[in-house]
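Thanks for coming, everyone. Please bring the model up on your screens, and we'll walk through it together.

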Amino acid sequence: MKAMRLADSGQSPALVEVNLPEFLPGPGQVLVRVAAAGVIPTELEWYPTTHLQSGERRTNAVPAHEFSGTVAALGDSVSDFALNQNVFGMNDWFSEGALAEFCLTEAYSLAPAPLTLNPIQAATVPISALTAWQGLFEHGHLHPGDRVLIHGAAGAVGLFAVQIAHLHGAHVIATASASDFGLLRQLGAQETIDYHTTRFENAIPQSVDIVFDTVGGDTLLRSYPLIKPGRFVVTVASDSESSQDPRVMHSFFIVKPHQRQLMEVAALIDTGKLRTFVHAVVPFAQAAAAYNGKIENGSGHGKVVVAVNPPTA
Ligand SMILES: NC(=O)c1ccc[n+]([C@@H]2O[C@H](COP(=O)([O-])OP(=O)(O)OC[C@H]3O[C@@H](n4cnc5c(N)ncnc54)[C@H](OP(=O)(O)O)[C@@H]3O)[C@@H](O)[C@H]2O)c1
């Protein structure tokens, strides 16, 4: 099968096209024929991309761990999927990713794809939506009526966080560029703060129940004094992963695959309550461009997607 993997050059990460042997699904696994893969540019430098689970150095990783596609083969004891079914999901960070014709995943990491999305749109959903969902509910313990401050609200993760918090009855305060305020208000943000011109702590007179941070650094550190006693600061920003600050270490998490949550997200999408955004689509041969930030003429919001095996009909 064709795949894109990291060149083991010792230089800055570069993707090269290669042919790899096809995978065979083991018990509990599903082989997915990838239609499209969502891109997180920073992933090329994340710990699981460069390390094995044992801690040894990992080379030649195939990146992109969220995807849409069709079921190509089923391992023993997988009964909840059928061949050729449209699916979406994310697979384990330490396994080979979806920048390949086929991707192997555990069945519990997959769900039926939303009926109202095409495969390109579906590939933008799993990681961003699950990150927002797990950050708000599992790590932030969100309750209706909570005041939730979302940093990076107009980013791929932030747009889901704004919508999910709003749908759950939260009062959403969003930090973003002013050009994104219109969209954020449509999606449910009640307050918007321009991070270029305003220090958010000066614009928030009352404390908040949850800070959901996708920006990290100084933005995250300035957020801790705003939180109500006993409530939560949650961060997913890539630079938080290596922080030695105990507060940040406590606030950071990495999203995990979750079939039931994916099904709940798909239901919200199919009932028109949750929207996803495609910033740009690049063909497989140009996948490297999706990672180096050199995409021009994007929509301005959401994810860059690599079309791996785009449907022909
Ligand atoms: N831990 C995990 O499991 C996990 C999962 C997914 C993603 N991530 C990480 O989460 C982060 C965000 O990912 P993403 O895909 O949402 O990124 P993205 O789509 O690139 O969005 C980033 C957003 O942050 C905004 N921003 C930048 N500086 C800001 C500031 N100081 N205050 C408020 N907003 C600011 C940007 O606005 P402008 O464009 O207007 O500047 C942009 O809208 C990345 O570091 C990614 O690696 C982690």
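I'll start with the ligand, then take one helix, then a few single residues.

One thing before that. This is a predicted model.

So, the ligand. Where does it sit? The ligand is in the largest pocket. Two elements each give two or more residues to the shell around it: α3 and α4, and α4 covers 156-167.

Who are the neighbours? There are 23 residues around the ligand. The ones that come nearest are Thr42, Val157, Ser177, Tyr195 and Val255. Now look at the classes. The shell has 14 nonpolar residues and 9 polar ones. Charged residues? There are no charged residues in that shell.

Next, the polar atoms. Please zoom in on Tyr195. An N or O atom in the side chain of Tyr195 is 2.4 Å from an oxygen atom of the ligand. Move over to Val255. Here the backbone takes part: one of the N or O atoms of the Val255 backbone lies 2.8 Å from a ligand oxygen. Gly155 also uses its backbone, with a polar atom 3.3 Å from an oxygen of the ligand. And how much of the ligand does the protein cover? On its own, the ligand has 940 Å² of accessible area, and the protein covers 74% of that.

Let's go to the helix. We have met α3 already, as one of the elements in the ligand's shell. It runs over residues 126-139. Is α3 enclosed or open? Of its 14 residues, 11 are buried, so the helix is largely enclosed by the rest of the structure. Buried here means under 20% relative accessible area. The buried stretch starts with Pro126, Ile127, Ser128 and Ala129. Carry on through Leu130, Thr131, Ala132 and Trp133. Then come Gln134, Gly135 and Leu136.

A general point about helices. An α-helix has 3.6 residues a turn, so residues three or four places apart point the same way.

Now step off the end of α3. Just after the helix, His141 takes a positive phi of about 50 degrees. His141 has that value although it is not a glycine. His141 is in the loop between α3 and β8, which is 147-151. Its relative accessibility is 37%, so His141 counts as partly exposed.

Which other residue has a positive phi without being a glycine? Try Ser77, at about 70 degrees. Ser77 is in the loop between β4 (66-74) and β5. At 67% relative accessibility, Ser77 counts as exposed.

Stay with β5 a moment. Asn91 is in the loop between β5 (86-90) and β6 (102-106). Is Asn91 buried or exposed? Its relative accessibility is 1%, so Asn91 counts as buried. What does its side chain contact? First, His65: the two side chains make a polar contact of 2.7 Å. Then Leu104: its backbone oxygen lies 3.1 Å from a polar atom of the Asn91 side chain.

Two more stops. Leu110 is in strand β7, residues 110-112. At 0% relative accessibility, Leu110 is buried. Leu110 and Phe81 are 29 residues apart in sequence, and their C-alpha atoms are 9.1 Å apart.

Last, Glu22. Find it in the loop between β2 (15-19) and β3 (29-38). Glu22 is exposed, with a relative accessible area of 51%. In sequence, 287 residues separate Glu22 from Asn309, and in space the pair is 15 Å apart, C-alpha to C-alpha.

That's the tour. Over to you.

How values were computed
Residues numbered from 1 in each chain as written. Predicted model: local features only at pLDDT ≥ 70, side-chain atom pairs only at ≥ 80, totals over all residues. Heavy atoms only, no water. Buried < 20%, exposed > 50% of the residue type's maximum accessible area, 1.4 Å probe, protein only. Helix = DSSP H or I, 4+ residues; strand = E, 2+ residues; numbered from the N terminus. Near = heavy atom within 4 Å. Polar contact = N/O pair within 3.5 Å; in protein donor to acceptor, adjacent residues only side chain to side chain. Areas by Shrake-Rupley, 256 points an atom, 1.4 Å probe, with all protein chains shown as cover. 1 Å grid on protein atoms, 1.4 Å probe; cavity = no way out; pocket = protein on both sides within 12 Å on 5 of 7 lines; lining within 4 Å. Sits in = over half its atoms within 2 Å of the grid points. Nonpolar A, V, L, I, M, F, W, Y, C, P; charged D, E, K, R; others polar.
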